[in-house]
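Reader: I am new to this structure and would be grateful for a close look at a single part of it. Please treat the packing of one pair of helices and set it in its context.

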Amino acid sequence: MEAMEDDSSEVKDDHNHNYRGSSGGGKVRAALSSQVPDGLSAPQLVCPTVPGGEPAKRQGKPWSGSPCGSNLMDSDTGSESSEVSETDCSAANAEEKFSLDSTSKFLLNAMAVEDYRKNHWPNLEEAIDRLLIQNLSDHISVSYAQIYGYVYKCVCQQHSELLYSDLTSKITAHLQQVSTQLQASPPENVIENFNVALTQYLASLQCIVPVFIYLNKFYIESKLNRDMKEDLMKLFADHVAEKHLSKLMPLLIKAHSMPFQVQPSTMASVVKGLYSLRPEWAQLAPALFSSFIPQIHPAAVESRLPDYADHDRKLQMELSMNGFPRGDQSRKRASEDS
């Protein structure tokens, strides 16, 4: 009978309190009952129920109101909090790593710039100096392969902008010195000295532009959408030609009206050089520029043929008056006299 009562109590406990313990649980209660004094009942292990009919442990929430409820938590909630904490740690680590990477990149970039200033640019600056001040008759020993190698390294190390800035600054400083020297030239030597400065500069560009071709291709053309030679020619126009144009143009017009006052080759070189720098300058003296550059004047029209013929007659008369005879006309055929 006692065994049956124990079994019935287990069944009753199972149905009334939803206690799903194993047979070992009955043994535990029996042991506890044997240790409790007479007149006192053994404590019951009761799991509180929730409206869903399942133990609160399955709802994933702590038991409110129970002594041990604050220590019980569902595994899902625990894993969720663990994920949140791991996310916070990952974000903190990523931020710290980004800060370290930024600092490292800054230090590496500073070291690279320092290396450029100490090892690369001084060699390039020396070579540029020698190319800018060279005379056409002088032989200057310059290793173009070495210069190209320095330019290649600078571009590969992301110093293109810095290198181009230094190059233009160096050439600008040189052209300012050239302009100062032209300013001190006497009027009778201005045309000749300007021609020497322009010719020397163009010869220097023929050496500078090829060795900086890597910079021109991968920075000036691709990022700035310009051309190195055009930029360097513009520097000469801005810092030399434009500053002396007001003095140079009247001297050229006067020299053109007096043949051989200035060597024809010098006149042609200066006029063509000015036109290559700024084609719009031809409008300042169309007659002068049209004598050396074709198609300065508008295209010829048939209605103005008599004017053209009259202009040619005047030119021939001026040449004859200045000591330029037409030559021996005795062997000219009779049909050509008219």
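Author: The account below begins with the whole chain and then turns to one helix pair and to the cysteines. The model is a predicted one. Its secondary structure consists of 11 helices and 0 strands, so that, read from the N terminus, the order of elements is α-α-α-α-α-α-α-α-α-α-α. Of the 338 residues in the protein, 28% are buried. Among contacts with a separation of 6 or more, 65% join residues 24 or more positions apart.

The pair chosen here is helix 6, residues 187-211, and helix 8, residues 228-257. Two packed helices are described by the angle between their axes and by the distance between those axes. For helix 6 and helix 8, the axes come within 10 Å and cross at roughly 165 degrees. Because angles over 145 degrees count as roughly antiparallel, helix 6 is roughly antiparallel to helix 8. The crossing in which helix 6 passes helix 8 is left-handed. Sorted by class, the residues in this contact are 21 nonpolar and 2 charged, with no polar ones.

The cysteines complete the picture. Cys207 has a relative accessibility of 18% and therefore counts as buried, since the limit for buried is under 20%. Cys154, at 0% relative accessibility, also counts as buried. A disulfide is a covalent bond between the sulfur atoms of two cysteines. A search of the whole structure finds 0 disulfides. Cys154 accordingly takes part in none, and the nearest cysteine sulfur, belonging to Cys156, lies 9.4 Å away.

How values were computed: Residues numbered from 1 in each chain as written. Predicted model: local features only at pLDDT ≥ 70, side-chain atom pairs only at ≥ 80, totals over all residues. Heavy atoms only, no water. Axes fitted to C-alpha atoms, helices over the stretch in contact; angles between N-to-C directions. Helix = DSSP H or I, 4+ residues; strand = E, 2+ residues; numbered from the N terminus. Parallel < 35°, antiparallel > 145°, perpendicular 65-115°, else oblique. Left-handed = near helix turned anticlockwise from the far one by under 90°. Nonpolar A, V, L, I, M, F, W, Y, C, P; charged D, E, K, R; others polar. Disulfide = S-S within 2.5 Å. Buried < 20%, exposed > 50% of the residue type's maximum accessible area, 1.4 Å probe, protein only. Contact = heavy atoms within 4.5 Å.
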